[in-house]
Amino acid sequence: MRRRVVVTGVGAVTPLANNAEDTWRGFLAGKSGTGHLTQIDPTPFNSKVSGEVKGFDPTQYQTLKDTKKTDRFVQFGIASAKMALENSKLNLSNENVERCGILVGSGIGGLRVIEEQHKVLMEKGAGRISPFLIPMLIVNMAPGQISIALGLKGPSTCVATACATGSNAIGDAFKIVQRGEADIMFAGGTEACITSLGFGGFDAMKALSTLNEDPSTASRPFDASRAGFVMGEGCGVIILEELEHAKKRNAPILAEFVGYGMTSDANHITAPDPSGEGAARCMLNAMKEAGIRPDEVDYINAHGTSTYLNDKVETIAIKKALGDHAYKTRVSSTKSMTGHLLGAAGAVEAVACILAIRDQIVPPTINYKNPDPDCDLNYVPNQAEKTKVRVTLSNSLGFGGHNACIAFKAFEE
C-alpha cells in the first residue's frame, strides 16, 4: 500500500516578497512584482522588464563568509528551505535525519558566476579563477548546500527540466516519500539568472515581452494583447511528509499531495505541441493517480507564460483533460504577477495551490483586459475569488517538451 503524503510547510522568495505569506497576500491583492530591468544594463535588449527579487539579504540565512561561496540561486534555496522548516514547526533535532531528504532543482543554475569568472579569465588570466567557481555554479549545489545547512542525510538530488523543474522536483520527492525511502522531503525549485547572457538569450529568441512602457502590465497571460513572458527569479520550497509521521508530531497539515503526472511532447525544442496532447495526458495522469474525476477539479494554476503559443495550447490541453468541466474550473496564472521564474516557477505555483486550499480562495490573472477567442476559459480576471477549493492542479511546461502536473487536495482523515 502506497503511503499518503501531506504538505506541512512552505517557503518562498519571489518578486513580490521574500517569504511565502507576503507573496500569497500579494497574489490575492493582484499586486505586480514586475518592473524595469535593473540588475543589468537594459540598453542592448528589446525587452527591458523583469521580475526581480528585491531587498533579499542572504546573511539572514547564512554567514557572510558562506554567502561569498554560494551563487544567488543557492542562497534563495537555503532561505526558502529554512522558512519552510520554520513554517512546518519541524524540530530536526527530534528527527532521524537519515530519513529527511532534499530534492530542489534549477533550470539553469549558476549562470551569474559563470559570466563573472569568464570575465576574470579573459581579463586577468586562468590563475585568478575562483576555486569556488564549480561548486558555485553546478545545479546540484542547491540541494547540496541545503543538506549541509540543515544537516539532512537522506536522499539528496536535483532535476533540471527547464520551466518544468519545480513541479518535477516536487513530484519526484513525492514519489520518494510515497515509496518509503524518506519520511520528510524538502522539495522545490530555484532560479537566479537575470544576467546579460541569460536575459540576452531569451531576448534573442523573441520570447520576452517588449511591453516596456508599464512593466507592471507586461505579463498578461491569456490576454489577446500578450507579447511574451517577463523573465523573473526566485524560489519555492515545500515540505512533503508521510501522513502518519506528520500526525505523530501534530504537524500543521496544509494539504495532501495526491497525484503527479509527467509526459513529453516529443515535438519541438521550445514550442509546445499545438494539439496540446502531451500536456492534457500529463493532467490526466496526475488525476488518475489521485483518483480525481475531471469534475472535481476546482482550480488550476496554469503554466500561463503570456506567450502566444503557450497560452493557446494550454487552454486546448485543459479542455482535452477536463472536457466540459474545463469551463467551470477556475484557471489562473500567477506569472501575471511574478513573471516567469523558470526553474522556480512550478514550486512557487505549488505554494499558491496549497495556500488556495488552506484559505479557500483562488488568486487572479491580472492584466487581463482583452479576451482572446482562442483562450476562452475562466481565468479569474484581475481579482481573487472566494470559492470552494478542494482539489487543485498545477501545470508546468518546459523547453524540450517536458510536461509536469502536480495535484493537491484538501486533507481529510
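This is a selection-by-selection tour of a predicted model, going from its nonpolar cores to single buried residues, then pockets and salt bridges.

**The cores**

Start with Val10, Ile170, Ile238, Leu240 and Phe408. Within the largest nonpolar core, which has 48 residues, these touch the most other members. Then colour helix H13 (residues 345–359), the element that gives the most to this core, with eleven residues. In soluble globular proteins, nonpolar side chains tend to be buried together.

Keep Phe408 selected and show its surroundings. Neighbours within four places in sequence set aside, its contacts include Ala350, Cys353, Ile354 and Ile357. Phe408 also contacts Val7 and Ile238, as well as Glu256, Phe257 and Val258. Arg390, Val391 and Thr392 complete the list of contacts for Phe408.

Next, select Phe73, Leu85, Cys100 and Val104. They are among the 29 residues of a second, separate core.

**Two buried residues**

Which strand holds Leu103? Select strand S4, where Leu103 lies. Leu103 has a relative accessible area of 2% and is buried. Beyond four places in sequence, its contacts include Thr157, Cys158 and Val159. Ala169, Asp172, Ala173 and Ile176 are also in contact with Leu103, and so are Met185, Phe186, Ala187 and Gly188. To check a distance, pick the C-alpha atoms of Leu103 and Gly166: they are 9.5 Å apart, while the two residues are separated by 63 residues along the chain.

Move to Ser333, in the loop between strand S10 (330–332) and helix H12 (335–338). Is Ser333 buried or exposed? Its relative accessible area is 0%, so Ser333 is buried. Show what surrounds it: apart from residues up to four places away in sequence, Ser333 touches Pro221 and Phe222, Ala302, His303 and Gly304, and Pro364 and Thr365.

**The largest pocket**

Select Thr270, Ala271, Pro272, Thr307 and Phe399. Of the 22 residues lining the largest pocket, these lie nearest its centre. The space in this pocket comes to about 390 Å³. Now add H11, strand S13 (391–398) and strand S14 (402–409), the elements that each give two or more residues to the lining. H11 has the largest share, three residues. Coloured by class, the lining of the largest pocket shows eleven nonpolar, ten polar and one charged residues.

**The second largest pocket**

The second largest pocket has a volume of about 260 Å³. Select Arg4, Glu256, Phe257, Val258 and Glu289, the closest to its centre among the 15 residues that line it. H7, strand S8 (255–264) and helix H10 (277–290) are the elements that give two or more residues to this lining. S8 supplies the largest share, three residues. By class, the lining of the second largest pocket has seven nonpolar, one polar and seven charged residues. Two residues from the selection have appeared at Phe408 as well: Glu256 and Phe257 are among its contacts.

**Salt bridges**

How many salt bridges does the model contain? The count comes to 24. Three are worth selecting in turn.

The side chains of Arg99 and Asp183 form a salt bridge, with an N to O distance of 3.0 Å. Arg99 is in the loop between helix H3 (72–88) and strand S4 (100–105), and Asp183 is in the loop between helix H7 (165–179) and strand S6 (184–191), so the pair links distant parts of the chain, 84 residues apart. Arg99 is partly exposed at 25% relative accessible area, whereas Asp183 counts as buried at 14%.

For the next stop, select Arg249 and Glu241, whose side chains meet in a salt bridge at 2.8 Å, N to O. Glu241 is buried, with a relative accessible area of 0%.

Then select Lys319 and Asp376, a salt bridge with its closest N and O atoms 2.7 Å apart. Lys319 lies in helix H11 (residues 308–322) and Asp376 in the loop between strand S11 (361–362) and strand S12 (385–386), so this pair ties together parts that are 57 residues apart in sequence. Lys319 is partly exposed at 25% relative accessibility, and Asp376 is partly exposed at 33%.

End with Arg2, Lys175 and Glu289, which salt bridges with shared partners join into one network. Glu289 was also part of the selection at the centre of the second largest pocket.

Methods: Residues numbered from 1 in each chain as written. Predicted model: local features only at pLDDT ≥ 70, side-chain atom pairs only at ≥ 80, totals over all residues. Heavy atoms only, no water. Salt bridge = Lys/Arg side-chain N within 4 Å of Asp/Glu carboxyl O. Helix = DSSP H or I, 4+ residues; strand = E, 2+ residues; numbered from the N terminus. Buried < 20%, exposed > 50% of the residue type's maximum accessible area, 1.4 Å probe, protein only. 1 Å grid on protein atoms, 1.4 Å probe; cavity = no way out; pocket = protein on both sides within 12 Å on 5 of 7 lines; lining within 4 Å. Points joined across faces, edges and corners; volume = space filled by probe spheres on them. Nonpolar A, V, L, I, M, F, W, Y, C, P; charged D, E, K, R; others polar. Core = buried A, V, L, I, M, F, W, Y, C linked by side-chain atoms within 4.5 Å. Contact = heavy atoms within 4.5 Å.
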